[in-house]
Amino acid sequence: MSNNDTVYINQKSFKEKLVWLLDHFKREWQIYVMLAPMIIWFLVFLYKPMYGLQIAFKDYSIFRGIEASPWVGLEHFNDLFSNSQFLRAIKNTFLISFYSLIFGFPVPILLALMFNEIINAVFKRSAQTIVYLPHFISTVIIAGIVITAFSPSAGIVNTVLSWFGLDSVYFLTKAEWFRPIFIGSGIWQEAGFSSIIFLAAIAGVNPSLYESAVVDGASRWQMMWKITLPSILPTIIIMLIIRIGNLMEVGFELIILLYQPATYETADVINTYIYRQGLQSGQYDLAAAAGFFNAVVAFVLVMAANSISKRFSRTSLW
Amino acid sequence: MSGVLLQNIVKAYGAAQVVHGINLTVQEKEFVVLVGPSGCGKSTTLRMIAGLEEITEGQLSIYGKVVNRIAPKDRDVAMVFQNYALYPHLNVADNMAFGLRIRKMPKPEIKQQIKNVAEILELTDYLERRPADLSGGQRQRVAMGRAIVRHPKVFLFDEPLSNLDAKLRTQMRAEIRRLHNRLGVTSIYVTHDQVEAMTLADRIVVMNDGRIEQVGTPMELFMNPANIFVAGFLGSPPMNQMPGTVTEKGVEIDGIIIAVSGNLSAQVGRKVIVGIRPEHVSLQKEKGTTALPINLDLVEPLGSEALLHAQFGAHQLVFKTETQGSIDHLSDVSEVYVHASMVKLFDAETGEALPL
Ligand SMILES: Nc1ncnc2c1ncn2[C@@H]1O[C@H](COP(=O)(O)OP(=O)(O)O)[C@@H](O)[C@H]1O
Ligand SMILES: [Mg+2]
């Protein structure tokens, strides 16, 4: 919409705007009907629970209910930030997310670039299917596979180690192994499926760019670097923004399934901490405060990533 | 030595053969235009020359060297694409430098090349811009610039002007021809637009359905089309066509005998298609002309010329005539005169021009 239109609409009286709005709904109601399930989902599952956020600032008990529980201000936040377990969880959340980003983010892009170079259609389709598959396996089964693979007695990893005469290691009880295993299995599960979006972006590149480059003498390698990668850069940036925005959302179901007290040191993240405090120990107010903190940080991250990208690359989510 | 030599070039996609054995010699420094209806195999032929499509059969030579098995980059050709194929993430200068950098030309030399070519194409002020910030005509010039900086032996153009509006197309057409006169690089230009073909070409190659129908200078093709297809394809409006029969004195159409130049005696009785170009009639009776009685039903003024739509017996014909500043004198035209040398005869069955 141009500036002129905006001014024009702003100059209308309230009544005129209302008429315009009703008219608009009358004309476009089908679109709103299609939109409705999503809006309802958001309202019911994301906005209504926000009402309960207030218990982060209250001394909440189930028996008194939300309304009757007395306000306690920032007491829960004070408790959290003087609690070494929570501070450890923040650190672990950031480290796990950060390493996942560093090691995990480029993998789907590389996969997409590699698939794009495969000429044999049958081989390409089989390879793609194979890397997409783990995405469709439920987390519980993924955890089972990981646990089995790294088991000290029969696990494939220790079997391979034994071929080289190395002692078997009980990886899942070792704090220093938790992050590599968790991040590695995350990549194994999702990298293939995430590559679809980059493949779609690559498919959108004008084929005559490549033909022109071929006539100019570019090799496949040069075309990948000088045409494909720059062409999908906007997609990469959008995906990076989304990833950074989700930095606080580590896949905590898998952590819960894989960690044990011996590995809390490196494995316990904010969400698993919330889960233990809230659901296992019944400290709902403290858990709500931790969740609130998590959400605020995530919000700031998304906003920051978006505005940075807008400034430096003319690409942004909104 | 010929610039580009096509010998029996065939292209098949699987079982479907789309180019059926083309023979063509493009001379050094010549500007040859491949023209024909959409889908007739022009682009395929051009892309085989560029090396973007494999040649199924036949032999292709560029400057005396057989290049069937030579990679596109080593053929020393540059191609301008219909959609320009500019790299959206690179500015104009980098777009033009792309091929040179790949060829590892030294930086100062690249810079000099781009400066020169930008001056020729009047792009100097736009070197820093991205393609998205250019007009259609400017993008087209960048695409040309990218080909020119490489100093190739052969330029290949695939409908480079068809994404431009009519006015810009006329302008760029002249610019391309001027550039050719200046640079003198062997060029093969594909278009479906017969006006572009007529105006640009040293020689035109008319293609239809994967075959060459005729090769010749624009005027040769216009004046002496080898068959009905070429006659109908070149010229606007197209040549008028009527069925007739050859007689001793000329060709007979619905009882009217039209004088024809040449020796008809061997053809008497033959069923033919009579072709008369809209431009090749006059409103004045002259020596050697035949009068065609017509019923005028519409005069379309085009400015300096006008189109006369008329009935001639059962046939709907179009004639083109000068207006001399007014079309008033055209409204009562009832006869047009056609000179015997302007009447073309084609065999009714094969469509081939009769040898007269
Ligand atoms: N990759 C392809 N596979 C099969 N048929 C093709 C392919 N490319 C072109 N053709 C066919 O070849 C014929 C000539 O195409 P083309 O050379 O592009 O025509 P044009 O003269 O319009 O440039 C068309 O009938 C087209 O359908
Ligand atoms: Mg084409």
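Begin by selecting ligand 1 together with B:Gly39: an oxygen atom of the ligand is placed 2.6 Å from a polar backbone atom of this residue. The model on screen is a predicted one, and every distance quoted on this tour is computed from it.

**Stop 1: the surroundings of ligand 1**

Keep ligand 1 selected and add B:Cys40, where a polar backbone atom lies 3.2 Å from an oxygen atom of the ligand. Next add B:Lys42; here a polar backbone atom and an oxygen atom of ligand 1 are 2.9 Å apart. To complete the view, display the full set of residues around the ligand: B:Tyr13, B:Val18, B:Ser38, B:Gly39, B:Cys40, B:Gly41, B:Lys42, B:Ser43 and B:Thr44.

**Stop 2: the two domains of chain B**

Colour chain B by its domain assignment, with residues 2–229 as domain 1 and residues 237–347 as domain 2. The centres of these two domains, taken over C-alpha atoms, are separated by 38 Å.

Now select the residues at which the two domains of chain B meet. Domain 1 of chain B contributes eight residues to this contact, and domain 2 of chain B contributes nine. Between them the two domains bury about 660 Å², of which 67% is on carbon and sulfur atoms. Which residues of domain 1 of chain B lose the most area to domain 2 of chain B? They are B:Phe222, B:Met223 and B:Ile228, which together account for 75% of what that side buries.

How many salt bridges are counted between domain 1 and domain 2 of chain B? The count is zero. Polar contacts across this interface amount to two residue pairs, both residues at pLDDT 80 or more. Select residues 218–223 of chain B to show helix 7, which gives the most to the domain 1 side of the interface, with three residues. By residue class, the domain 1 side that touches domain 2 of chain B divides into six nonpolar, two polar and no charged residues.

**Stop 3: the two domains of chain A**

Move to chain A and colour residues 3–40 as domain 1 and residues 83–313 as domain 2, following the domain assignment. Taken over C-alpha atoms, the centres of these domains of chain A are 41 Å apart.

**Stop 4: the interface of chain A and chain B**

Display both chains and select the residues in contact: 17 residues come from chain A and 22 residues from chain B. The two chains bury about 1700 Å² between them, with 59% of that area on carbon and sulfur atoms. Highlight A:Glu211, A:Val215 and A:Asp216, which supply 38% of the area that chain A buries against chain B, more than any other three residues.

How many salt bridges are counted between chain A and chain B? There are two. For one salt bridge, select A:Asp216 and B:Arg150, whose closest N and O atoms are 2.8 Å apart. Between the chains there are also ten residue pairs in polar contact, with both residues at pLDDT 80 or more.

Finally, show the secondary structure on the chain A side. The elements giving two or more residues to the side that touches chain B are helix 11 (207–216) and helix 12 (220–245) of chain A. Helix 11 of chain A provides the largest share of that side, eight residues. Colouring the chain A side by residue class gives seven nonpolar, six polar and four charged residues.

Conventions. Residues numbered from 1 in each chain as written. Chains lettered and ligands numbered in written order. Predicted model: local features only at pLDDT ≥ 70, side-chain atom pairs only at ≥ 80, totals over all residues. Heavy atoms only, no water. Domains from an automatic or database assignment. Contact = heavy atoms within 4.5 Å. Buried area = accessible area lost by both parts, 1.4 Å probe. Salt bridge = Lys/Arg side-chain N within 4 Å of Asp/Glu carboxyl O. Polar contact = N/O pair within 3.5 Å; in protein donor to acceptor, adjacent residues only side chain to side chain. Helix = DSSP H or I, 4+ residues; strand = E, 2+ residues; numbered from the N terminus. Nonpolar A, V, L, I, M, F, W, Y, C, P; charged D, E, K, R; others polar. Near = heavy atom within 4 Å.
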